Amino acid sequence: MDFEAFFKSELDGLHGEGRYRVFADLERHRGNFPRATRHTPDGPKEVTVWCSNDYLGMGQHPAVIEAMKEAIDHCGAGAGGTRNISGTTHYHVMLERELADLHGKEAGLIFNSGYMSNWATLGTLGQKIPGLIIFSDALNHASMIEGIRYAKCERVIWKHNDLNDLEAKLAAADPNAPKLIAFESVYSMDGDISPIKEICDLADKYGAMTYLDEVHAVGMYGPRGGGIAEREGLMDRLTVIEGTLGKAFGVMGGYIAASTALCDFIRSFASGFIFTTALPPALAAGAIASIRHLKASPFERVRHHDRVKKLRTMLDQQGIPHLHNPSHIVPVIVGDAAKCKWISDILLDTCNVYVQPINYPTVPRKTERLRITPTPLHSDADIEHLVGSLHQLWSRCALARHVA
């Protein structure tokens with residue numbers, strides 16, 4: 001087999017469909033977010049970033065930066081090993097305590113990414129609990145899906161956020177089998193929010209554990225940034241709350257918060273935790289500073305809500321179609337992969353606006369979109385420039401507009 005020809009043929013197919021992913025070579029500048037320098041063959045250009053998952057700009061916050069610098073000065077760069085072999089620093093211990101407190105749980109356990117925390121935790125629970133059935137929302141993140149596949153346990157997929165379908169499938173399952181319901185709070189592509197209370201009610205009725213992925217909600221919602229479950233007063237009803245340190249908290253890593261026994265179980269049996277070098281202490285220190293700040297400060301969340309509201313209002317005024325949802329994610333629907341990429345390219349090359357096109361398989365075909373994520377640091381002028389640019393490109397592409 002000509003392997004190189006195969007690779008090229010597959011890549012050519014992506015190019016032909018307008019789905020080939022191009023990385024923007026960006027250089028963020030401390031204290032100047034959401035501005036960044038984009039490095040191109042024609043030289044550097046200044047751009048405004050509109051698709052960052054650093055939702056609150058905490059990756060640029062002085063307290064976070066100072067905490068990371070102090071940790072490097074204090075104990076150096078790397079952790080020095082896996083958590084089991086010399087890699088558990090006091091920063092890791094303090095971070096896990098901070099996360100347990102954030103979610104009202106007995107314990108926390110950190111991983112090197114949110115992907116890893118989902119994959120390792122769901123995979124280990126499914127693999128180790130005899131006869132476990134995992135009921136997975138149809139739109140769960142790839143990391144959750146891969147963890148459940150790795151577990152090789154029985155899995156049942158229920159229609160997205162459909163309580164009737166979930167209950168029907170729970171009722172049809174072996175009543176004596178252990179069960180776990182896995183779902184997210186904020187779904188990152190459509191920005192919709194799950195009915196957590198009602199899912200917990202079904203879990204109680206059928207004796208199931210609950211596993212909630214809050215990666216797009218931690219830091220963003222609740223009086224202390226504990227997520228949608230904190231906002232709704234439901235954290236105590238969830239068996240496992242999973243989150244990330246790489247989005248609203250602005251650093252890197254993933255985690256779970258749960259009972260002491262469950263966290264210890266994952267710590268002791270999850271290969272994805274046991275055989276991975278620990279996060280550098282500086283990252284843990286930065287995460288601690290970010291979590292502590294957002295626990296005490298409502299300013300970032302209030303300002304963020306205002307920016308989202310203003311952007312949506314201006315999009316509506318211009319008839320630019322976007323999915324109306326109760327979250328901070330603003331998906332502007334294009335519905336065509338090639339046009340979606342073309343608009344993104346023009347925004348970047350001529351308007352100095354960076355928003356990544358989202359195409360299949362991340363979203364279904366014909367729902368291609370620009371996933372816009374405002375931050376507290378986007379100004380009124382930034383919003384006006386973005387919407388004005390989209391208004392012009394919508395006309396050039398002859399795309400349908402929303403009529404209020």
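Pro 357 has its bridge partner in β14, and that partner is Leu 370. This pairing is a good place to enter the structure, which is a predicted model. The strands involved are β13 and β14, the latter covering residues 369-372, and they run antiparallel to one another over two bridges. Step back a little and you will find that they belong to an open sheet of three strands, ordered β11-β14-β13 and paired in the antiparallel sense. The edges of this sheet are taken by β11 (330-333) and β13 (357-358); each has a single partner strand, so one side of each is left without a neighbour in the sheet. Now look for helix α13, residues 299-318, which lies across β11 and β14 and runs at about 20 degrees to β11.

Stay with the loop between β13 and β14 for a moment, as several details come together there. Pro 361 has its place in this loop, and the peptide bond that joins Tyr 360 to Pro 361 is cis, with omega at about 10 degrees. The ring of Tyr 360 has company too: Arg 365 lies over its face, at 4.0 Å from the ring centre. Lys 366 is also found in the loop between β13 and β14. Its phi is positive, near 75 degrees, in a residue other than glycine. Is Lys 366 buried or exposed? With a relative accessible area of 64%, Lys 366 is exposed, since the cut-off for that word is over 50%.

A positive phi turns up again at Asn 352, about 60 degrees this time, although Asn 352 is not a glycine. You will find Asn 352 in the loop between α14 (337-350) and β12 (353-354). Its relative accessible area is 33%, which makes Asn 352 partly exposed.

Let us now travel back along the chain to another set of strands. Strand β1 (residues 26-28) pairs with strand β2 (residues 35-40) in the antiparallel sense, over three bridges. Within that pairing, Glu 27 stands opposite Thr 37 in β2. The two strands form a hairpin with six residues between them, and Gly 31 in the turn has a positive phi of about 80 degrees. The loop between β1 and β2 also holds Pro 34, and here you meet another cis peptide bond, joining Phe 33 and Pro 34 with omega at about 15 degrees.

From β2 the chain goes on to strand β3 (residues 43-49), and these two strands pair in the antiparallel sense over six bridges. A hairpin through two residues joins β2 to β3. Thr 37 appears again in this pairing, standing opposite Glu 46 in β3. If you follow the side chains by eye, one general point helps: in a regular strand they alternate between the two faces of the sheet.

Next, the aromatic rings. How many aromatic pairs does a search of the whole structure find? There are four. In one of them, the rings of Phe 6 and Phe 7 have their centres 6.0 Å apart and their planes at 65 degrees, so this pair is edge-to-face. Phe 6 is partly exposed, with a relative accessible area of 40%, and Phe 7 is partly exposed as well, at 44%.

The rings of Phe 111 and Phe 273 form another of these pairs, with centres 5.6 Å apart and planes at 75 degrees, so they too are edge-to-face. This pair links distant parts of the chain: Phe 111 sits in strand β4 (residues 107-111) and Phe 273 in helix α11 (residues 271-274), 162 residues apart. Phe 111 is buried, with a relative accessible area of 2%, and Phe 273 is buried with 7%.

That brings us to the nonpolar interior. The largest nonpolar core has 55 residues, and among them Leu 95, Phe 135, Ile 181 and Phe 183 touch the most other members. Helix α12 (residues 281-296) gives the most to this core, with eight residues. To see how Phe 135 is surrounded, leave aside residues up to four places away in sequence; its contacts then include Val 156, Trp 158, Leu 166, Leu 170 and Ile 181, and also Lys 169 and Lys 179. A second, separate core of 32 residues includes Val 332, Val 334, Ile 372 and Cys 397. This returns us to the opening sheet, as the range of β11 is 330-333 and that of β14 is 369-372.

How values were computed. Residues numbered from 1 in each chain as written. Predicted model: local features only at pLDDT ≥ 70, side-chain atom pairs only at ≥ 80, totals over all residues. Heavy atoms only, no water. Pairing = 2+ DSSP bridges. Helix = DSSP H or I, 4+ residues; strand = E, 2+ residues; numbered from the N terminus. Contact = heavy atoms within 4.5 Å. Axes fitted to C-alpha atoms, helices over the stretch in contact; angles between N-to-C directions. Phe/Tyr/Trp six-rings, centres within 6.5 Å; stacked < 30°, edge-to-face > 60°. Buried < 20%, exposed > 50% of the residue type's maximum accessible area, 1.4 Å probe, protein only. Lys NZ or Arg CZ within 6 Å of the ring centre and 35° of its normal. Core = buried A, V, L, I, M, F, W, Y, C linked by side-chain atoms within 4.5 Å.
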